[in-house]
Amino acid sequence: MANAVIDWNKVWKKECAKRSVKKRDVSFWNEKARNFSRKPWESNYAEDFLKIMEPRRCWTVLDMACGTGALTIPLSPYVRRITAVDFSPRMLEGLDEQCRAQGIENVRTINASWEDDWNSRGIGEYDVVIASRCLVVDDLRKAVVKLNGAARERVYISTIVGDGPHDRMIYEAVGRRLTPGPDYIYTYNLLHQLGIYANLFIIKDMRTESFHGGDEALAYYEHFLGDLTRDEKQRLGDYLQKHLVPKNGKWVLDYKRMTRWAVMWWEKE
Ligand SMILES: C[S@@+](CC[C@H](N)C(=O)[O-])C[C@H]1O[C@@H](n2cnc3c(N)ncnc32)[C@H](O)[C@@H]1O
């Protein structure tokens, strides 16, 4: 059999097209920023990511698609300076607010997207570049090349393993099929094809969501799932009514779910 060379970027794109969770626009992420700031979940992700990173005081860091700063904030005391970039103004407002509240002075934000010309947006070069849980792009190869180009020493990226943060039981309860899209193994193969032999770590995130009431839970999952029909919303409501139980004055689902994240990092040669 001929030794066919697989184009991993093409395979990745093909798998993305099958995703039940489609690429979202800026208005979705602006809306999501409210959840990010309120954080109706607890997670060990940032702590574990920082352990893998072993940050150095002398580093300048680019945190691409930073959100409200799940990594920027905890990383800021351990490095020299962070430039945090996101295309959602609401996400950046959330991050700026937290920096002000916590007296963090080594973080600056830039409103820009993956697709922009990073030079003309003043993004520049950094010792270390991070792209955490945000490889929501049309062309993965282009995104990796861009990240690599902005880094002098190291690049850290992370992405989903299997279903990622999506709760399959909830999808099934509303009558939808979950196709989460290509997970880290596609990304890892693409890196290999680019001659990047990345270190790989899997973070086990015991993330638990908790809500002040059923309405908050409904709005949270509704936003996660995208637009719901009236029937789907009814089924989601029934499911939550059956599975939400009180805990420490709030409401949580009555089962545990593990989210795994793959962190891949490499040194520039
Ligand atoms: C799941 S959040 C991840 C945030 C953060 N990096 C973390 O690990 O928690 C994805 C982020 O990517 C941003 N994003 C999505 N598409 C983008 C694009 N085309 N350009 C820049 N940022 C984008 C969203 O606004 C959101 O803040």
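How many residues surround the ligand, and which are the closest? I began my notebook with this question, keeping in mind that I was looking at a predicted model.

**Entry: the ligand**

I found that 19 residues surround the ligand, and that the closest are Ala65, Asp86, Trp114, Ser132 and Arg133. I then looked up polar atoms beside the ligand, and for Ala65 I noted a polar backbone atom 2.8 Å from a nitrogen atom of the ligand. Glu115 contributes through its side chain, where an N or O atom is 3.1 Å from a nitrogen atom of the ligand. For Arg133 I wrote down a polar side-chain atom that lies 2.9 Å from an oxygen atom of the ligand.

**Entry: H1 against H8**

Next I turned to pairs of helices, reminding myself that two packed helices are described by the angle between their axes and the distance between the axes. Helix H1, residues 8-17, packs with helix H8, residues 184-193, at an angle of about 160 degrees, and their axes are 9 Å apart. Angles over 145 degrees count as roughly antiparallel, and H1 and H8 are therefore roughly antiparallel to each other. I recorded their crossing as left-handed. On the H1 side the contact is made by Trp8, Asn9, Val11, Trp12 and Glu15, and on the H8 side by Tyr186, Thr187, Asn189, Leu190 and Gln193. Sorted by class, this contact of H1 with H8 has five nonpolar, four polar and one charged residues.

**Entry: H6 against H8**

I stayed with H8 and looked up helix H6, residues 140-150, whose axis comes within 11 Å of that of H8 and crosses it at roughly 65 degrees. Here the crossing is right-handed. Leu140, Arg141 and Val144 of H6 make the contact with Thr187, Leu190 and Leu191 of H8, and these residues divide into four nonpolar, one polar and one charged. I noted that Thr187 and Leu190 are named in the contact with H1 and again in the contact with H6.

**Entry: H9 against H10**

My last lookup was helix H9, residues 214-225, and helix H10, residues 230-243, which pack at an angle of about 130 degrees with their axes 10 Å apart. H9 and H10 are therefore oblique to each other, and I recorded their crossing as right-handed. From H9 the contact takes in Ala217, Leu218, Tyr221, Glu222 and Leu225, while H10 supplies Lys233, Leu236, Gly237 and Leu240. I closed the entry with the classes, as the residues of this contact of H9 with H10 divide into six nonpolar, one polar and two charged.

Methods:
Residues numbered from 1 in each chain as written. Predicted model: local features only at pLDDT ≥ 70, side-chain atom pairs only at ≥ 80, totals over all residues. Heavy atoms only, no water. Axes fitted to C-alpha atoms, helices over the stretch in contact; angles between N-to-C directions. Helix = DSSP H or I, 4+ residues; strand = E, 2+ residues; numbered from the N terminus. Parallel < 35°, antiparallel > 145°, perpendicular 65-115°, else oblique. Left-handed = near helix turned anticlockwise from the far one by under 90°. Contact = heavy atoms within 4.5 Å. Nonpolar A, V, L, I, M, F, W, Y, C, P; charged D, E, K, R; others polar. Near = heavy atom within 4 Å. Polar contact = N/O pair within 3.5 Å; in protein donor to acceptor, adjacent residues only side chain to side chain.
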